[in-house]
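Visitor: Hi! I'm new to this one, could you walk me through it?
Guide: Happy to, let's bring it up and begin.

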Amino acid sequence: KISESENCFYQFYNSTMNSQNSVTLKLESFLHDALEKDEFILYYQPQINVKSGTIQGVEALLRWQHPELGLVSPTSFINLAEQTGLIVPIGQWVLKTACQQNKIWHSQGFPPLRVSVNLSPLQFKQPDFPLVVSRILEETQLKPNLLELEVSASTVMKDLEYSYHMLSQLQSLGVYISIDDFTTSYASWERLKHIPFDTLKINRDFVRQLKNDPQDLAIISAMVSLGRGFNLRVVAEGVETLQQIELLRSQNCEQMQGFWFSRPLAAEEATKLLPFDYNVL
Ligand code: C2E
Ligand code: MG
Ligand code: MG
Ligand code: MG
């Protein structure tokens, strides 16, 4: 459960982030200490194929287990981590921890599961990032095809040529690439035409506003068929209601992630879900 205090933290941080004053420096050192003290933890949220009823993968989501504030959401500290560059070592910790956990699940005999890890824009900008990924795969002995890297659509579109090269290198390691927070604008399809990736995640704001009207249904249908044409896996995120599930399914969108199925869970809790079948639908 994300605590109330997290909000205070966020407002506090927001009011100070523009000035390099002592408070900002203090927050920076808190984040640095958090890494040192091993206060970060990953939660995992399943991605379900509603047709087969099985869990296809899990998305790893970062939390800060703060001794006083409780469980702090990434939205409260990711920006600060990004601005201070701390996201680079934090991101490496995330990648390694997610790979280790998936290796554990794999060796426990669960069906192969893909773990998705979010990349920050700054991580994505590191030219040596593919080396980092291959080193972590080596260290954790996780098969590359059990790892997926999520980059937001806006990050990818900032520099298409760079993205093309970075994503090609990552794909050649054998890992999967997912474009996160995809919006419905035609421009994004046009621009992503030559970009190598495997999965497209429909922005949760779109899913939240989904209505049973011809326009919305046409948009989902278009996204699904474009996804098919691009040979992509299409995942709708932020699915909270049975009505959303039914609308998505009616347009052949079969992969979903959201609170309706499960909130993000600590590894131990997530493990209990893995044998579970969502065939009830
Ligand atoms: P995201 O990658 O788009 O992750 C999905 C967010 O939607 C998660 O928020 C998840 O908890 C939330 N969510 C999932 N299902 C539902 C639902 O049914 N309803 C609603 N309202 N929300 C749902 P979370 O965990 O707070 O993460 C927020 C963002 O922080 C992520 O968005 C991602 O951009 C970033 N983030 C999380 N972990 C990491 C990380 O390890 N590294 C980096 N760089 N960014 C991360
Ligand atoms: Mg830890
Ligand atoms: Mg994501
Ligand atoms: Mg997203």
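Visitor: Is Asp 181 buried, partly exposed or exposed, and what puts it there?
Guide: Asp 181 counts as partly exposed because its relative accessibility is 35%. Buried means under 20% relative accessible area, exposed means over 50%, and partly exposed is in between, using a 1.4 Å probe and protein chains only.

Visitor: Anything I should know about the model itself?
Guide: This is a predicted model, where local features need pLDDT of at least 70 and side-chain atom pairs count only at pLDDT 80 or more, while totals for chains, interfaces and linings use all residues. Residues are numbered from 1 along each chain as its sequence is written, chains are lettered from A and ligands numbered from 1 in the order in which they are written, and side-chain values use heavy atoms, with hydrogens and water left out.

Visitor: Back to the metals. Which protein donors does the magnesium ion (ligand 4) have?
Guide: Asp 180 (OD), Asp 181 (OD) and Glu 237 (OE), with Glu 237 (OE) listed twice, lie 1.9 to 2.8 Å from the magnesium ion (ligand 4). Donors are N, O and S atoms within 2.8 Å of the metal (3.2 Å for Na, K and Ca), and water is not among the atoms, so sites may look incomplete.

Visitor: And what spacing do those donors follow along the chain?
Guide: For the magnesium ion (ligand 4) the spacing is D-D-x55-E.

Visitor: What does Asp 180 bridge?
Guide: Asp 180 bridges the magnesium ion (ligand 4) and the magnesium ion (ligand 3), which are 4.1 Å apart. Asp 180 counts as buried, because its relative accessibility is 7%.

Visitor: Which residues hold the magnesium ion (ligand 3)?
Guide: Its protein donors are Glu 59 (OE), Asn 118 (OD1), Glu 150 (OE) and Asp 180 (OD), at 2.0 to 2.2 Å. Glu 59 lies in strand E2 (residues 54-66) and Asn 118 in strand E4 (residues 114-118), so this pair ties together parts that are 59 residues apart in sequence. Strands (E, at least two residues) and helices (H or I, at least four) are DSSP runs, numbered from the N terminus.

Visitor: New topic: how many residues of strand E5 are buried?
Guide: Six of the six residues of strand E5 (residues 147-152) are buried, so the strand is largely enclosed by the rest of the structure. Leu 147, Leu 149 and Val 151 point one way, and Glu 148, Glu 150 and Ser 152 the other.

Visitor: Which residue in E6 stands opposite Glu 150?
Guide: That's Ser 178. E5 and strand E6 (residues 176-182) pair in the parallel sense over five bridges; strands pair if DSSP finds at least two bridges between them.
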